[in-house]
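Morning, everyone. Please bring up the model on your screens, and we'll walk through it.

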Amino acid sequence: MSKSSIQFSRRNFLRTSSLASGGLLIGFNLFTACKSDVKPPVDLADLNYNDFNAFIKIAKNGAVTIFSPNPEIGQGVKTSMPMIIAEELDVSWDNVYVQQGVLDTKNYTRQIAGGSQSIRFGWDALRQTGATAKQMLVNAAAARWSVDASELTVSEGVITNKAGETLGYGDVVDDAAVLEVPENAVLKEPKDYKIIGTDRRNVDIDKIVTGQPLFGIDYKEEGMLYASVLRPPAFGQELVSFDATEAKTLPGVVDVIQIGDMAKALLDKEEVNWTAQLSGSGKVVVLAKTTWDAFKGKKAIKAVWSDATPLESTEFHDEKLNGLLDGKDFVTMRKDGDVVKAFAAADKVLERTYESPFLPHNCMEPMNFFANVTDEKIHLVGPVQTPEDAANTVAELLGRDIEDIHLEMTRMGGGFGRRLYGDFVYEAAEISATIKKPIKMVSSREDDMSTGVYRPAIKYRIKASFKNGQLSGYHLKEAAINGNMYGLIPNFFPAGTVENYQVDVANYKSNITTGAWRAPFTNFLAYAEQSFFDELAEEMEVDKIKMRLDLLEKVKGTDDERIQYSAERMQNVIKMAVDKSGWGNQPKGTYQGFVAYYCHNTHVAEVADVQIEKGLPVVKKVTCIVDCGIVVNPLGALNQIEGGIVDGIGHSMYGSFGFENGVPTANNYDTYRLGRMKDAAVVETHLVQNELSPTGLGEPTLPPAGGAVANALKAATGKRAYKQPFIEQAELWKVKEEDILG
């Protein structure tokens, strides 16, 4: 058994209160338990249940309720986080009830869904919470029997003494609540896990499949109105005037108002946080009794818009990005050695450019949020990935105290980064504050796709040299819209493997709103880098797999603390992928593409199998190896892995999105193609078994998928895909039988 590395005390760990049902409640502050500045009340009479955002509740009958603190976006944390607590608490999962915690902006950190980091950052604190609670219950039983706690054993919420007598957690929870909080609670060894590592179905699955209210779009309150917002039709335009005469005559329409002044005032006042994405334009809002009435009213509005800035197009963006790549206005993210000298001394230099378009998020559940702003409080309910940032910005927007805000998180029907940005929350709050009534802002599918936040268009130009059969220089240039690579990405593979290595970035500031999209930055970078590595191996006339393994050998034992990936773990997933995919031994007519990639602290290797059917390449299967440390819920893990691969293939194949005169080229699924069920490849997943702490899983399998497909297409056709989406490169897709490579 291992001992806790985090020490708890009563001041930062436990609050108790009698439950109305006669049971006793134990509240555990999961994350702030480790924060020295948290000062919960010592006196039990000061207990305020709202001060917690994650806690355990044990009833007299032994039932256990565990509150999940982070937003549930489909990544499964509402199931897996309570599983970690239940494991250390040592209760039967069948006896556990899970509820979504509310936002607590006072005490908690990182109450957010993003970056595939919820389990990674919550792992230690969640385990400590369960283990410490268990020890307190055991101590209470020991006191009841007048024995030493070490003599007792626990299994599934039942404490047993040497004489064979038993007490349930519910029997001793009242006693436990008044005991001192033990320090250094003993944590389980992975070999003793009964819940972690076992398949557990989604705790919300029954409600999902039976259509019970669960998502933000389901939420409603008596007397609320539905609001539909008419925004500028083109990026760069602003509202001049509008005529709502016809709209106000329609059945169900209650009123038409204009908003935007509050957002503009905030923008003029100061720079808001990165998740805000506020618009300074005026907007017209139709308030109605139903969403359908509101949508019809919006169509009847006659608005006049002006061009505040030049309206941009895809052709314009292409010119800007190419100009950046050809220019010298770069910011260097990392520089090792001298790539210029390496290229000058090389036997051969290879340079290629890879391109990707803007992409919308396409959440199945459109943006929506409930707001009821009164003089006493601000009640917000809905799906948002960054509830704390949203609450803070609403407080700034309305000039209110953050203490006035009560925000409840609902399950989200997809997010992929879109719901990191709280623009829809601020709109709802401004509308409710303006009319002084509870409202529900609901976007249409067209609103979401045509007035959203997008993955920016990006181009990479990669140049590499080799001398005497060895890679001698590597230079990556990135040109993007609005933003560039951030943080640690320049230190991902192949950083550290090449003596002369440089990453430069540049961007163009556009009036089109851009932001994070599933696996931000790496979602396209992986395709570019891994396609280039295949090309490099071909130029060097070396084995593609061996080249990657040899490069990784060079970074083993490095003292470069910037390097984030593990050479050993990456080599392991590469070797497993070769073995499990039948690499090099595929049946006739099947063409394979290989990728190994590291992001979100997880190592992944994928092999895509492509066949040519009726002259068109079809992705038939993907073999995926994942090293993400301990897997809490394998069933949930497979869902994330398969979803990431299907998403990655679909967008690299079909994701086509651009702008003409500031207007998006697609606004619904009839004009924007996602990967369809018939396009979904079979995914064979192998999870690396180890006892290392968990890392990210919601995003890491998406980035490699596009690269694996591109490399398989090259194997099948001899043609290299330099642009996404692949479907638009007709020369790759119409393959004559005689041109198929054997």
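How far does helix 17 reach from its first C-alpha to its last? The answer is 30 Å, for the 21 residues from 634 to 654. That is close to the 30 Å expected at 1.5 Å a residue. Keep in mind that this is a predicted model.

Now the surroundings of that helix. In helix 17, 15 of the 21 residues are buried, so the rest of the structure largely encloses it.

Next, the cores. The largest nonpolar core has 80 residues. Which of them touch the most other members? They are Tyr474, Ile649 and Phe726. Helix 14, residues 522–540, gives this core its largest share, 10 residues. There is also a second, separate core, with 41 residues. Ile159, Tyr193, Ile195 and Ile196 are among them. As background, nonpolar side chains in soluble globular proteins tend to be buried together.

Stay on helix 14 for a moment. Leu536 is found there. Is Leu536 buried or exposed? Buried, with a relative accessible area of 0%. Now pair Leu536 with Asp171. They are 365 residues apart along the chain, and their C-alpha atoms are separated by 67 Å.

Compare that with another pair. Lys440 and Ile217 are 223 residues apart in sequence. In space they are 8.8 Å apart, C-alpha to C-alpha. Lys440 lies in strand 21, residues 439–442. This lysine is buried: the cut-off is under 20% relative accessible area, and Lys440 has 1%.

On to helix 4, residues 169–176. Which residues of helix 4 are buried? Tyr169, Gly170, Val172, Val173 and Ala176. Look down the axis of helix 4: these buried residues fall within an arc of 165°, so they line one face of the helix.

Last stop, the second largest pocket. The space in this pocket is about 630 Å³. It is lined by 28 residues, and the closest to its centre are Lys78, Val98, Val203, Asp204 and Lys207. Three elements give two or more residues to the lining: strand 6 (96–100), helix 5 (205–210) and strand 20 (405–409). Which one gives the largest share? Strand 6, with 5 residues. And how do the lining residues divide by type? There are 13 nonpolar, 5 polar and 10 charged.

That's the tour. Over to you for discussion.

Terms used
Residues are numbered from 1 along each chain as its sequence is written. This is a predicted model: local features need pLDDT of at least 70, side-chain atom pairs count only at pLDDT 80 or more; totals for chains, interfaces and linings use all residues. Side-chain values use heavy atoms; hydrogens and water are left out. On a 1 Å grid over the protein atoms alone, a cavity is a set of points where a 1.4 Å probe fits but cannot get out, and a pocket is an open set with protein on both sides within 12 Å along at least five of seven lines; lining residues have an atom within 4 Å of a point. Grid points are joined across faces, edges and corners, and a volume is the space filled by probe spheres set on the points. Helices (H or I, at least four residues) and strands (E, at least two) are DSSP runs, numbered from the N terminus. Ala, Val, Leu, Ile, Met, Phe, Trp, Tyr, Cys and Pro count as nonpolar, Asp, Glu, Lys and Arg as charged, and the others, Gly among them, as polar. Buried means under 20% relative accessible area, exposed over 50%, partly exposed in between (1.4 Å probe, protein chains only). The arc is that of the directions from the helix axis to the C-beta atoms. The expected span of a helix is 1.5 Å times one less than its number of residues. A nonpolar core is a set of buried Ala, Val, Leu, Ile, Met, Phe, Trp, Tyr and Cys residues joined through side-chain atoms within 4.5 Å.
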